[in-house]
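Dear colleague,

Please find below the structure that I am handing over to you. My notes on what was found in it follow directly after.

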Amino acid sequence: MEKKIRITLSKATADILDTDVKSFNITKNYLINYIFEHLKEEKINEYKEMPDEKVVIQFNLNKKNKEIYYDFLKEHNIQVEADFIRKLIHKYINQPKSTRELFIFKDNVNRLKYSIENKKIIKIRFNDKRQTTILPFYIGTSKLELRNYLFCYDFEEEKYKNYKFNHIDVIYITRDSGQWKDKKFIENVIKNFDPFLSEGKSIKARLSETGKNILDNVALNRPETLSVNGDIYEFKCSEHQAKRYFSYFLDEIEILEPLELRNWFIYKFASALKKYQK
């Protein structure tokens, strides 16, 4: 017989769980069972419930947790099981999202740490079933602590890559070892990690006054400014990052260099104009 547990949570707390379920490609049942399994023995602090709308969630204990659940409650003199589970959930959500992600994917984290330490070549399969072979270097976190990335050399694409951690499904460690061929570059990326691999890359652009204000106020994915000469800015920025960040500026920016990136913006704006002229 299944053991169903009902818990009342603040809507804000429930929303965080829902976001993690979607981001990490797992079920809510798996998430709460995982939280119980891995946090139940840790010290649980008191918490102050968020003063907003309350929602009720329900989950079933998996077979492994069900086998020890009642003995655990009895041994720790836990009288109100729903309150205990609620405290575990609050301990979980009070960590940055990047920390929660590493916690949920702890097995993959440990495999990668071993591979990095021993310079092992690994095969990875992604959630979309694509497979590739890589030499891993570093598990990096975005500056806003929202995501984790695996920095590596992809032998199939023959270039350095950052892969989102939650896209990795299976990791197989081979017997083969690899060498850090561009050691200085790799060390610089690790030291100044960014998800867009902008190390050694730059772009130049002309900003309007409005564009300068946007640059000051939009922090997400903002590149590092290397120099300013009047309206001309040089950024430490890969083309991928520029496409993600500067597309928001519309006509308040003119990309000057590199030429391929400038032509990409010209093509995109021209294509958009055709649609609006229909």
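In these notes, contact means heavy atoms within 4.5 Å. This is a predicted model, in which local features need pLDDT of at least 70 and side-chain atom pairs count only at pLDDT 80 or more, while totals for chains, interfaces and linings use all residues. Residues are numbered from 1 along each chain as its sequence is written, and side-chain values use heavy atoms, with hydrogens and water left out.

Helices (H or I, at least four residues) and strands (E, at least two) are DSSP runs, numbered from the N terminus. Buried means under 20% relative accessible area, exposed over 50%, and partly exposed in between (1.4 Å probe, protein chains only).

Helix H2 covers residues 28–39. Its buried residues are Leu31, Ile32, Asn33, Tyr34, Ile35, Phe36 and Leu39. They pack against strand S2 (54–60) and five helices, namely H1 (11–24), H3 (63–75), H4 (81–93), H5 (97–104) and H6 (106–117).

Turning to the sheet, four strands form an open, antiparallel arrangement in the order S9-S10-S8-S11; two strands pair if DSSP finds at least two bridges between them. S9 (224–229) and S11 (253–257) are the edge strands, each with a single partner, so one side of each has no neighbour in the sheet. Five bridges join S9 to S10 (residues 232–236), and Asn229 stands opposite Ile232 in S10.

Finally, Cys152 is buried at 0% relative accessibility, as is Cys237 at 1%. The whole structure contains zero disulfides (pairs of cysteine sulfur atoms within 2.5 Å).

Kind regards

Technical notes: Expected span 1.5 Å × (residues − 1).
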